[in-house]
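Here is a walk through one protein model, starting with its ligands and moving out to the strands and loops. Have the viewer open as you read.

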Amino acid sequence: MKVLIIVDVQYDFCPGGALAVNGGDEIIPGINRLRPAFELAVTTQDWHPADHGSFASNHPGAEPYSMGTLGSRPQVMWPDHCVQHTSGAKHHADLVPGDANFVKGARPEADSYSGFFDDDRKSTGLAEFLKKKGVTAVYICGLATDYCVKFTALDALKEGFETHVIKDLSRAVNVNAGDGETALEELTKAGAIIDVAAVI
Ligand code: VGL
Ligand code: ZN
């Protein structure tokens with residue numbers, strides 16, 4: 001049993017959004033076309049309270065996209081994004097909904113790039129859900145290659161799933177040029193299979 005995991009295809013990560021990813025919305029038609037190849041598809045949703053510790057605005061003097069800390073961990077200081085119940089936190093309306101949705105990043109004290117576990121290793125419920133469904137292989141796409149797609153894939157590997165990343169149905173933030181490509185190299189080294197939609 002395989003699952004399509006669609007990561008964070010939300011308005012704030014699309015052009016015009018608060019943390020816009022170049023071409024973030026371009027991947028939507030391809031994801032919708034691939035959807036019927038899967039019996040099961042799930043979405044993840046970045047879902048932060050306004051006082052979230054990953055927001056530069058909650059650290060006096062911090063510049064968006066600079067490096068800071070959250071608790072004892074290094075943390076990118078992001079612009080406010082995907083604030084709970086705002087329009088920017090909504091999934092893009094063109095995206096065909098999945099069978100289940102998993103929210104992440106709701107605790108102000110921990111970020112959660114991964115759709116499985118936050119930085120304190122608190123579960124979103126996704127791993128348990130997939131195991132109960134008998135999933136053995138996961139195919140991950142969405143936003144962003146160098147953050148939430150990457151960390152979702154690394155946790156999928158840790159959870160023992162055969163892990164595929166669909167490169168042409170993902171886009172990178174690229175805070176530093178080349179971050180997206182570097183993420184794919186790291187994922188390959190970690191044991192993920194990098195795919196393109198046409199061969200799935
Ligand atoms: C993401 C930065 C902050 C993502 C989420 O979905 O890749 N990136 N929060
Ligand atoms: Zn976030």
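Which residues are around ligand 1? They are Asp 8, Phe 13, Leu 19, Asp 46, Trp 78, His 81, Tyr 113, Leu 143, Ala 144, Tyr 147 and Cys 148, where being near means having a heavy atom within 4 Å of the molecule.

A quick word on ground rules. This is a predicted model, where local features need pLDDT of at least 70 and side-chain atom pairs count only at pLDDT 80 or more, while totals for chains, interfaces and linings use all residues. Residues are numbered from 1 along each chain as its sequence is written, chains are lettered from A and ligands numbered from 1 in the order in which they are written, and side-chain values use heavy atoms, with hydrogens and water left out.

**Ligand 1 and its polar contacts**

The table lists polar contacts, meaning pairs of N or O atoms within 3.5 Å; within protein, one must be able to donate a hydrogen and the other to accept it, and residues adjacent in sequence count only if both atoms are side-chain atoms.

| Residue | Protein atom | Ligand 1 atom | Distance |
|---|---|---|---|
| His 81 | polar side-chain atom | nitrogen | 3.1 Å |
| Leu 143 | backbone N or O | oxygen | 3.3 Å |
| Cys 148 | polar backbone atom | oxygen | 3.1 Å |

On its own, ligand 1 has 260 Å² of accessible area, and the protein covers 100% of that. Accessible areas come from the Shrake-Rupley method with a 1.4 Å probe, and for residues only the protein chains shown count as cover.

Leu 143 has something else going on: a cis peptide bond joins it to Ala 144, with omega at about -5°. Ala 144 sits in the loop between strand 6 (137–143) and helix 3 (145–158). Helices (H or I, at least four residues) and strands (E, at least two) are DSSP runs, numbered from the N terminus.

**The zinc ion**

Ligand 2 is a zinc ion, and its protein donors are Asp 46 (OD), His 48 (NE2) and His 81 (NE2), at 2.0 to 2.2 Å. Donors here are N, O and S atoms within 2.8 Å of the metal (3.2 Å for Na, K and Ca), and since water is not among the atoms, sites may look incomplete. Asp 46 and His 81 are also on the list of residues around ligand 1.

Why is the arrangement around the zinc ion irregular? The four donor atoms subtend angles of 87 to 171°, which makes it so. To count as tetrahedral, four donors need all angles between 85 and 135 degrees; four count as square planar and six as octahedral if opposite donors are over 155 degrees apart and all others between 65 and 115, and anything else is irregular.

In sequence, the donor residues follow the spacing D-x1-H-x32-H. The two histidines link distant parts of the chain: His 48 is in the loop between strand 2 and strand 3 (67–70), and His 81, 33 residues apart from it, is in the loop between strand 4 (73–76) and strand 5. Both His 48 and His 81 are buried, that is, under 20% relative accessible area (exposed is over 50%, partly exposed in between; 1.4 Å probe, protein chains only).

**The strands**

Strand 2 (residues 40–46) is joined to strand 5 by five bridges, and the two run parallel. Five bridges also join strand 1 (residues 2–7) to strand 2, again in parallel. Strands pair if DSSP finds at least two bridges between them. Thr 44 has Phe 102 as its bridge partner in strand 5, while Ile 5 stands opposite Val 42 in strand 2.

Seven of the seven residues of strand 2 are buried, so the strand is largely enclosed by the rest of the structure. Leu 40, Val 42, Thr 44 and Asp 46 point one way, with Ala 41, Thr 43 and Gln 45 pointing the other. Strand 5 (residues 100–104) alternates: Ala 100, Phe 102 and Lys 104 point to one face and are buried, whereas Asn 101 and Val 103 point to the other and are not.

**Some loop residues**

Two non-glycine residues with positive phi are worth a look: Cys 82 at about 45° and Asn 174 at about 55°. Cys 82 lies in the loop between strand 4 and strand 5 and is buried, at 0% relative accessible area. Asn 174 lies in the loop between strand 7 and helix 4 (179–190) and is partly exposed, at 36%.

Then there are the serines. Ser 170, in strand 7 (residues 162–171), is buried at 4%, and a polar atom of its side chain lies 3.3 Å from the backbone nitrogen of Gly 142. Ser 112 counts as buried at 1% relative accessibility, and its side chain reaches the backbone oxygen of Ser 114 at 3.0 Å.
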